[in-house]
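Here are some short exercises to help you find your way around a new model. Have a go at each task before you read its solution.

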Amino acid sequence: MPIIENEYLKVETSLLGGELLHVIDKENKQELLYQANEIWPHHDVILFPFIGPDSSYQIDGKKYSCPTQHGFIRTSRFEIVEEKENRIVMEFRDNERTFQSYPFHFVLRATYSLEERTLKREYEIINQNEEELPFQLGDHAAYQVRFGEAILHFGEGNIFFYPRKNLLFSAQPISFLRNKDYLLNKKDFAEFETILIERPRNELVLDTGLGYLLTYHFNSPYVAIWSPSKESSFLCVEPWWGMAVYEGRDDEMRNWKDVNSLSHQAHFEESITFSKKAEC
């Protein structure tokens with residue numbers, strides 16, 4: 001499995017799905033990433049070419065379906081195109097299997113790099129068709145937290161989110177009536193399933209309740225917050241460039257709310273800084 005590391009962090013990835021497998025604080029010999037078990041048998045998922053449970057949709061008037069949630073990248077194998085001690089670039093190219101669910105030729109390039117205590121993730125989508133490429137993109141990394149003590153700091157300003165019921169988001173956001181220093185609890189995930197927020201202007205800081213602060217820097221239009229409603233010890237804070245299935249959505253992918261429409265190529269990035277919380 002490809003590994004990158006520096007003085008502070010060691011990160012292991014997988015060529016299957018391009019996902020993260022381990023994020024280790026080397027100084028404290030501490031695993032920060034959730035380790036898959038029966039509650040959720042994954043560590044992280046790259047979401048492409050759509051987000052959410054899309055088993056039936058149309059592209060240019062023709063019906064398609066995908067057997068896996070969040071698209072097919074999670075079951076696709078990447079190839080390494082560049083590998084250094086603190087940086088790795090891997091890519092996936094469409095094939096006959098993906099063409100059955102998504103009739104386009106494309107390249108998806110994922111880059112992972114480290115700078116001191118920051119892990120940066122970059123995605124490059126390259127359109128290899130004459131027509132524009134419609135797609136959604138996101139990721140789904142799960143980090144260990146202790147519910148009842150973990151706090152997500154939203155910063156100043158009003159917070160709006162999209163209510164979700166029966167796997168459908170509302171088409172309109174409403175005010176998220178929680179404190180800007182949001183104490184995480186399982187009841188909210190039982191009620192909302194996924195908390196989809198119109199991205200606050202401020203960076204998001206997660207106090208894991210386990211002695212670490214995770215500072216997220218996103219430029220995505222949405223941030224999804226998810227954890228199973230049943231007992232578990234992880235939280236996903238996910239950048240979404242696009243919205244999962246919502247009320248009244250058109251079957252045609254090109255007409256979806258905030259779908260990306262790409263002529264040539266596009267670049268997306270995010271980063272997380274991991275720091276040990278100062279002891280009082």
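## Exercise 1: a phenylalanine in a strand

This is a predicted model. Task: decide whether Phe274 is buried or exposed, then find out which residues Phe274 is in contact with.

Solution. Start with the accessibility: Phe274 has a relative accessibility of 2%. The cut-off for buried is under 20%, so Phe274 counts as buried. Next, place the residue: Phe274 sits in strand β27. Now look around it, skipping neighbours within four places in sequence: Phe274 is in contact with Leu9, Val23, Leu32, Arg117, Leu119, Tyr143, Leu213 and Leu214. Finally, pick out Leu9 from that list. Leu9 and Phe274 are 265 residues apart along the chain, yet their C-alpha atoms are separated by 8.9 Å.

## Exercise 2: the partners of β27

Task: work out how many bridges pair β11 with β27, and how many pair β23 with β27.

Solution. Take β11 to begin with. This strand covers residues 118–127 and pairs with β27, residues 265–276, over 9 bridges in the antiparallel sense. For a landmark, go to Ile125, whose bridge partner in β27 is Ala266. Then turn to β23, residues 212–218, which pairs with β27 over 7 bridges, again in the antiparallel sense. The landmark here is Tyr216, with Ile272 as its bridge partner in β27.

## Exercise 3: a sheet of 4 strands

Task: give the strand order of the open sheet of 4 strands, and say which strands are at its edges.

Solution. Trace the sheet across: the order is β1-β2-β3-β4, and the pairing is antiparallel. The edge strands, each pairing on one side only, are β1 (3–5) and β4 (30–31). To check the β4 end, look at β3, residues 20–25, which is joined to β4 by 2 bridges and runs antiparallel to it. One pair to find there is Ile24 with its bridge partner Glu31 in β4.

## Exercise 4: a serine in a loop

Task: find where Ser227 lies and what polar contact its side chain makes with another side chain.

Solution. Go to the loop between β24 and β25, and you'll find Ser227 there. With a relative accessibility of 1%, Ser227 counts as buried. Now follow its side chain: a polar contact links it to the side chain of Ser232, at 3.4 Å. A polar atom of that Ser227 side chain also lies 2.6 Å from the backbone oxygen of Phe234. To widen the view, leave out residues up to four places away in sequence: Ser227 touches Phe147, Lys186, Phe189, Glu193, Ser232, Phe234 and Leu235.

## Exercise 5: the largest pocket

Task: say how many residues line the largest pocket, and how they divide into nonpolar, polar and charged.

Solution. Begin with the space itself: the largest pocket holds about 250 Å³. Its lining is made up of 17 residues, and those nearest the centre are Gln69, His70, Arg164, Thr194 and Trp226. Two or more lining residues come from each of the elements β24 (222–226) and β25 (234–241). Sorting the lining by type gives 8 nonpolar, 5 polar and 4 charged residues.

## Exercise 6: one more serine

Task: place Ser113 in its strand and decide whether Ser113 is buried or exposed.

Solution. Ser113 belongs to strand β10, residues 106–115. Its relative accessible area is 14%, so Ser113 is buried. Leaving aside neighbours within four places in sequence, its contacts are Ile4, Asn86, Arg87, Thr118, Leu119, Lys120 and Glu122.

Technical notes:
Residues numbered from 1 in each chain as written. Predicted model: local features only at pLDDT ≥ 70, side-chain atom pairs only at ≥ 80, totals over all residues. Heavy atoms only, no water. Pairing = 2+ DSSP bridges. 1 Å grid on protein atoms, 1.4 Å probe; cavity = no way out; pocket = protein on both sides within 12 Å on 5 of 7 lines; lining within 4 Å. Points joined across faces, edges and corners; volume = space filled by probe spheres on them. Nonpolar A, V, L, I, M, F, W, Y, C, P; charged D, E, K, R; others polar. Buried < 20%, exposed > 50% of the residue type's maximum accessible area, 1.4 Å probe, protein only. Polar contact = N/O pair within 3.5 Å; in protein donor to acceptor, adjacent residues only side chain to side chain. Contact = heavy atoms within 4.5 Å.
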